[in-house]
Amino acid sequence: MQLELKTFLLLEDAVMITDEHGVILEVNSIYEAKTGCTREHMVGQPARLEIDTHWRGNQTWSGVAQIARTNQEIWEAEVTITSVYLDDSIFYITIFNDLCK
């Protein structure tokens, strides 16, 4: 578990983990920096992504999303959402790749 946590913390892309209902369980520090939203504020909130399709399920989806920052600016990012099954539950791992790198 330590390796997974260290990997999560060292990623250079923003990451958000949600449960099957879209409630945010975790975000990394890059997500906080990109959005201006603190982890404490985000955890427990519903994820809100404007994506170019209605997606839900047990698959991987990639596309571009617009994310509102706390200062109301829009951050456009390439997004990959992957379904992960663990202990009879489904989680969604969302990775945001900054288009302006």
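**Getting to know the chain, pair by pair**

Colleague: Let me start with one side chain: arginine 69 is partly exposed, with a relative accessible area of 21%. Which residue forms a salt bridge with arginine 69?

Modeller: Bear in mind that this is a predicted model. The partner is partly exposed as well, with a relative accessible area of 44%. The closest N and O atoms of the pair are 3.4 Å apart, inside the 4 Å limit for a salt bridge, and the partner is glutamate 73.

Colleague: How many salt bridges does the count come to?

Modeller: Side chains of opposite charge can pair when their charged atoms come close. Besides glutamate 73 with arginine 69, arginine 39 and glutamate 26 meet in a salt bridge. The count comes to two.

Colleague: How far apart in the chain are arginine 39 and glutamate 26?

Modeller: Their side chains meet at 2.5 Å, N to O. Even so, the pair links distant parts of the chain, with arginine 39 in helix H3 (residues 39-42) and glutamate 26 in strand E2. In sequence they are 13 residues apart.

Colleague: Is glutamate 26 buried or partly exposed?

Modeller: Its partner, arginine 39, has a relative accessible area of 32% and is partly exposed. Buried means under 20%, and glutamate 26 has 21% relative accessibility, so glutamate 26 counts as partly exposed.

Colleague: Let's zoom out. In what order do the elements of the protein chain run?

Modeller: The secondary structure comes to three helices and six strands. From the N terminus on, the elements run α-β-β-α-α-β-β-β-β.

Colleague: How many bridges join E5 and E6?

Modeller: Take E4 and E5 for a start: they pair in the antiparallel sense over nine bridges. E5 and E6 also pair in the antiparallel sense, and alanine 77 stands opposite aspartate 98 in E6. The number of bridges between E5 and E6 is 10.

Colleague: Which residue in E5 stands opposite alanine 65?

Modeller: E4 and E5 form a hairpin with five residues between them. We've already met the residue you want, as it stands opposite aspartate 98 in E6. It's alanine 77.

Colleague: Which residue in the turn between E5 and E6 has a positive phi?

Modeller: In the E4 and E5 hairpin, the turn residue glutamine 72 has a positive phi of about 75°. E5 and E6 form a hairpin with two residues between them. There the positive phi is about 50°, and the residue is aspartate 87.

Colleague: Now the inside. Which element gives the largest share of the largest nonpolar core?

Modeller: In soluble globular proteins, nonpolar side chains tend to be buried together. This core has 17 residues, and Tyr31, Val79 and Phe96 touch the most other members. Strands E1 (14-19), E2 (24-27), E4 (60-68), E5 (74-86) and E6 (89-98) each give two or more residues to it. The largest share, four residues, comes from E5.

Colleague: Beyond its neighbours within four places in sequence, which residues is valine 79 in contact with?

Modeller: Valine 79 is one of the core members that touch the most others. Leaving those neighbours aside, its contacts are Trp61, Ser62, Gly63, Ala65, Thr94, Ile95 and Phe96.

Colleague: Where do the aromatics come in, and how many aromatic pairs are there?

Modeller: Tyrosine 31 and phenylalanine 96 form a tilted pair, 5.6 Å centre to centre with 55° between the planes. Tyrosine 31 sits in helix H2 (residues 29-35) and phenylalanine 96 in strand E6, 65 residues apart. Tryptophan 75 and phenylalanine 96 form a tilted pair too, 5.7 Å centre to centre with 35° between the planes. The count comes to two.

Colleague: Is phenylalanine 96 buried or exposed?

Modeller: Tyrosine 31, at 5% relative accessibility, counts as buried. Phenylalanine 96 comes in at 1%, and the cut-off for buried is under 20%, so phenylalanine 96 is buried.

Colleague: Which residues form one aromatic cluster?

Modeller: Phenylalanine 96 pairs with tyrosine 31, and phenylalanine 96 also pairs with tryptophan 75. The cluster is made of Tyr31, Trp75 and Phe96.

Colleague: Last one: what percentage of the residues in the protein chain is buried?

Modeller: The chain exposes about 6,700 Å², and carbon and sulfur atoms supply 52% of it. Of the 101 residues in the chain, the buried ones make up 32%.

Terms used:
Residues numbered from 1 in each chain as written. Predicted model: local features only at pLDDT ≥ 70, side-chain atom pairs only at ≥ 80, totals over all residues. Heavy atoms only, no water. Core = buried A, V, L, I, M, F, W, Y, C linked by side-chain atoms within 4.5 Å. Buried < 20%, exposed > 50% of the residue type's maximum accessible area, 1.4 Å probe, protein only. Contact = heavy atoms within 4.5 Å. Areas by Shrake-Rupley, 256 points an atom, 1.4 Å probe, with all protein chains shown as cover. Pairing = 2+ DSSP bridges. Phe/Tyr/Trp six-rings, centres within 6.5 Å; stacked < 30°, edge-to-face > 60°.
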